[in-house]
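Me: Please take a close look at one part of this model, the aromatic rings and what lies around them. I would like one connected account rather than a list.

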Amino acid sequence: LSERGLRSAEWTWHERVHICEQASHLLDGQGGVGVDYIARMSHLDEDMAEVCKVLGLPRCELPVENSQERGEYRSYYTSERLKELVREVYARDFAITGAVF
C-alpha cells in the first residue's frame with residue numbers, strides 16, 4: 001500500500017474492494033446521508049437494541065461467533081505512513097460517523 005501509493009493503477013480489483021470507504025454506501029444521490037441510523041460494530045448490541053426499540057420490536061440477542069480477544073484497533077497501525085493512508089482513505093467515513101482514528 002505505502003509503496004504503490006493510494007491512487008496507483010497497479011491496484012487489483014480485490015485490493016480496491018477491500019480498501020475503500022464505506023461512505024458511498026451511506027450517501028444519497030445529493031451527497032447527504034441516505035440512511036436513518038448507522039450502527040457500529042464496536043457496540044453492535046446496544047445499537048441493535050436501539051433499532052429494535054425504534055421499530056417496536058422486542059430486543060434480540062445477537063449470536064457471537066468466532067469471537068477473539070483483540071487489542072484496541074488503533075494499536076495494529078504501527079507506522080505513521082499507514083495511519084496517514086487510513087485517515088486519507090476513510091476521511092469521509094470518519095466525518096459522517098464521527099469516528100476518530
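Reply: A residue is called buried under 20% relative accessible area, exposed over 50%, and partly exposed in between, with a 1.4 Å probe and protein chains only. Phe 101, at 17% relative accessibility, is therefore buried. Phe 94 has 21% and so counts as partly exposed.

The model is predicted: local features need pLDDT of at least 70 and side-chain atom pairs pLDDT 80 or more, while totals for chains, interfaces and linings use all residues. Numbering starts from 1 along each chain as its sequence is written, and side-chain values use heavy atoms, without hydrogens and water.

The structure holds 3 aromatic pairs (ring centres of Phe, Tyr or the six-membered ring of Trp within 6.5 Å; planes under 30 degrees apart are stacked, over 60 edge-to-face, the rest tilted). In the pair of Phe 94 and Phe 101, the ring centres are 6.0 Å apart and the planes meet at 5°, so this pair is stacked. The ring pairs join these two residues with Tyr 77 and Tyr 90 in a cluster of Tyr 77, Tyr 90, Phe 94 and Phe 101.

To place the cluster, the layout of the chain is needed. There are 5 helices and 0 strands (DSSP runs numbered from the N terminus: helices are H or I of at least four residues, strands E of at least two). From the N terminus on, the order of elements is α-α-α-α-α. Of the 101 residues, 15% count as buried. Among contacts (heavy atoms within 4.5 Å) between residues at least 6 apart in sequence, 47% join residues at least 24 apart.

Tyr 90 sits in the loop between helix 4 and helix 5. The relative accessible area of Tyr 90 is 22%, so this residue is partly exposed. On the helix 4 side of that loop, helix 4 has Leu 85, Val 86 and Val 89 as buried residues. Seen down the axis of helix 4, the buried residues fall within an arc of 100° (taken from the directions from the axis to the C-beta atoms), so they line one face of the helix. What they pack against is helix 5, residues 91-97.

Helix 4, residues 80-89, also carries a charged pair. Lys 83 forms a salt bridge (a side-chain nitrogen of Lys or Arg within 4 Å of a carboxyl oxygen of Asp or Glu) with Glu 80, with the closest N and O atoms 3.4 Å apart. The two partners lie in helix 4 at a spacing of 3 residues, about one turn of the helix. Glu 80 is partly exposed at a relative accessible area of 49%.

Another route out of this region leads to a distant stretch of the sequence. The C-alpha atoms of Tyr 90 and Glu 21 are separated by 5.1 Å, although the two residues are 69 residues apart along the chain. Glu 21 is also the partner of Arg 92 in a salt bridge, where the closest N and O atoms are 2.3 Å apart. This pair links distant parts of the chain, 71 residues apart: Arg 92 is in helix 5, and Glu 21 is in the loop between helix 1 (13-18) and helix 2. Arg 92, with a relative accessible area of 41%, is partly exposed. The structure holds 4 salt bridges. One more of them joins Glu 72 to Arg 74, with 3.0 Å between the closest N and O atoms. Glu 72 is partly exposed at 41% relative accessibility, and Arg 74 is partly exposed at 34%.

A further link across the sequence involves Val 33, in the loop between helix 2 (23-26) and helix 3 (44-55). The C-alpha atoms of Val 33 and Ile 96 are 7.7 Å apart, with their positions 63 residues apart along the chain. Leaving out residues up to four places away in sequence, Val 33 touches Leu 26, Leu 27, Asp 28, Ile 38 and Ile 96. At 43% relative accessibility, Val 33 is partly exposed.

To draw the picture together: the cluster includes Tyr 90 and Phe 94, and Tyr 90 belongs to the loop between helix 4 and helix 5. The buried residues of helix 4 pack against helix 5, and Arg 92 of helix 5 is tied to Glu 21 in the loop between helix 1 and helix 2.
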